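These are my notebook entries on a structure that I consulted residue by residue. I set down what I looked up, in the order in which I looked.

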Amino acid sequence: MGKFKAALLQTHVYSNKGKNIEKAVKLIEKVSREGADIAVFPEMFICPYDNSCFREYGEEEGGPAFMAMSKSARENGIYVVAGTMPELVGDKIYNTSYVFDRNGEKIAKHRKMHLFDIDIEGGQRFKESDTLSPGQEVTVFETEFCKIGLAVCYDIRFPELSRLMAMEGAEAIIIPGAFNMTTGPAHWELHFRARALDNQVYTIGVSPARDMEASYHSYGNSIAASPWGNVLCRMDEKEGYVIQEIDTDYVKKIRNELPLLKHRRADVYELIKINK
C-alpha cells in the first residue's frame, strides 16, 4: 500500500489523568471513523509537562493508559502512537512512547534518548534529567504501509538518530514533542523540514495544545513535512486535529530522482548503531 492517513491529535492536557485518557479514547474513535490509519498523540499527553508530575502520573508498562490505548486501537482497527507517558521502572522514570497495531498489540516502544536540559537567559529553563532517565534504543517499526521511525521531541535535534532510522528503512518518522515558547518559534518547523529533507522521509510532529495556565507553555503547531522538505500541514496553538495523507510512493520517487542516501561516502564516514 502506497498511502496512509495519519491523524495529528493536538490535545489539551488536563491535570486529571483519567480525563486525558478518556478524551484520547474518544478521539481515536472519531478519527478512525474519518478514515485515519494511524492516530498520533503528543508528548506527555496524559500528564502535565512538569518534573513534579512525572512520577505521580506515571505507570509501569501495562498500566491504565497503556491498556486503554491498546484496547482502543483494537476496537477501532487503527494504529495508535500513544504520544509519550511517564514509564515507571523501579526508581527510574522514562519518557516513553508506545505504538499499538490494529489488533491492539504493542509493536514498538521508544524511550526518549536525549533529555531536554535547557537554560536560556531570558527564556526557558527546564531540566528533564532532574527526574527522567534516557533511553538507549533506535526505534523503527513495521506497518503494512512502510517502516516508520519513532523518536521524542528533543531527539529531533540530533540528525544522527534520524539518519539511523532512515538507513534502517524508515520512510516516515513520527515525533511526539512539546517544544516551548522559546525554542518552538525558532526551531520547530525548521527541524521537521530539515530532518525530512536530510533523509527523504515524511516527518510528523505532534504537540500538546498551548495552555498558558500550565507551568510549561507548549508551542503547539503540530506539523507534517514531505521528503522534499515542504510543509504539508501545520496547526496553530489551539486544541484540534488534522488528518494528513502520507504517500510512500513519493518517498521512492524522491529517492530515485535525487539519490542522496546512495551518495553517502561510507568510505570516508560511517554511522554505527550500538545496541545496549
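**Entry 1: an aromatic pair**

I began with F54, which counts as buried at 0% relative accessibility; buried means under 20% relative accessible area, exposed over 50%, and partly exposed in between, with a 1.4 Å probe and protein chains only. I note that this is a predicted model, in which local features need pLDDT of at least 70 and side-chain atom pairs count only at pLDDT 80 or more, while totals for chains, interfaces and linings use all residues. Residues are numbered from 1 along each chain as its sequence is written, and side-chain values use heavy atoms, with hydrogens and water left out.

I then asked how many aromatic pairs there are. The count comes to twelve aromatic pairs, where rings of Phe, Tyr and Trp (its six-membered ring) pair if their centres lie within 6.5 Å, planes under 30 degrees apart being stacked, over 60 edge-to-face and the rest tilted. Y49 and F54 form one such pair, which is edge-to-face, with 5.9 Å from centre to centre and 65° between the planes. Y49 is buried too, its relative accessible area being 9%. I also recorded one aromatic cluster, formed by F4, Y79 and F145.

**Entry 2: a buried glutamate**

I looked up where E128 is placed. E128 is in the loop between β8 (125–127) and β9 (139–142); helices (H or I, at least four residues) and strands (E, at least two) are DSSP runs, numbered from the N terminus. E128 counts as buried, with 0% relative accessibility. Leaving aside residues up to four places away in sequence, I find that E128 touches E43, Y49, N51, N95, K112, H114, L115, F116 and D117, contact meaning heavy atoms within 4.5 Å. Y49, from my first entry, is thus among the residues that E128 touches.

**Entry 3: a hairpin**

I next followed strand β5 (residues 92–100) and strand β6 (residues 106–111), which pair in the antiparallel sense over five bridges. Two strands pair if DSSP finds at least two bridges between them. S97 stands opposite H110 in β6. The two strands, β5 and β6, form a hairpin with five residues between them. In the turn, G104 has a positive phi of about 80°.

**Entry 4: charges over rings**

I searched for charges over rings, a charge being counted if NZ of Lys or CZ of Arg is within 6 Å of the ring centre and within 35 degrees of the ring normal. R111 lies over the face of Y94, 3.9 Å from the ring centre. The charged end of K19 sits over the ring of Y14, at 4.0 Å from its centre.

**Entry 5: salt bridges**

Side chains of opposite charge can pair when their charged atoms come close. I asked how many salt bridges the structure holds. There are 24 salt bridges, each a side-chain nitrogen of Lys or Arg within 4 Å of a carboxyl oxygen of Asp or Glu.

I examined E245 and K3, whose closest N and O atoms are 3.9 Å apart in their salt bridge. E245 lies in strand β15 (residues 240–247) and K3 in strand β1 (residues 3–10), so the pair ties together parts that are 242 residues apart in sequence. E245 is partly exposed at 39% relative accessibility, and K3 is partly exposed at 44%.

K106 forms a salt bridge with E61, in which the closest N and O atoms are 2.8 Å apart. Because K106 lies in strand β6 and E61 in the loop between α2 (54–57) and α3 (64–76), this pair ties together parts that are 45 residues apart in sequence. K106 is partly exposed, with a relative accessible area of 34%, and E61 is partly exposed, with 35%. I noted further that E61, E87, K106, K109 and R111 are linked in a network of salt bridges.

**Entry 6: cysteines**

A disulfide is a covalent bond between the sulfur atoms of two cysteines. My search of the whole structure found zero disulfides, the criterion being a pair of cysteine sulfur atoms within 2.5 Å. C47 is in no disulfide, and the nearest cysteine sulfur, that of C53, is 5.2 Å away. C47 is buried, with a relative accessible area of 1%. C153 is likewise in no disulfide, the nearest cysteine sulfur being that of C47, 14 Å away. C153 is buried, with a relative accessible area of 4%.
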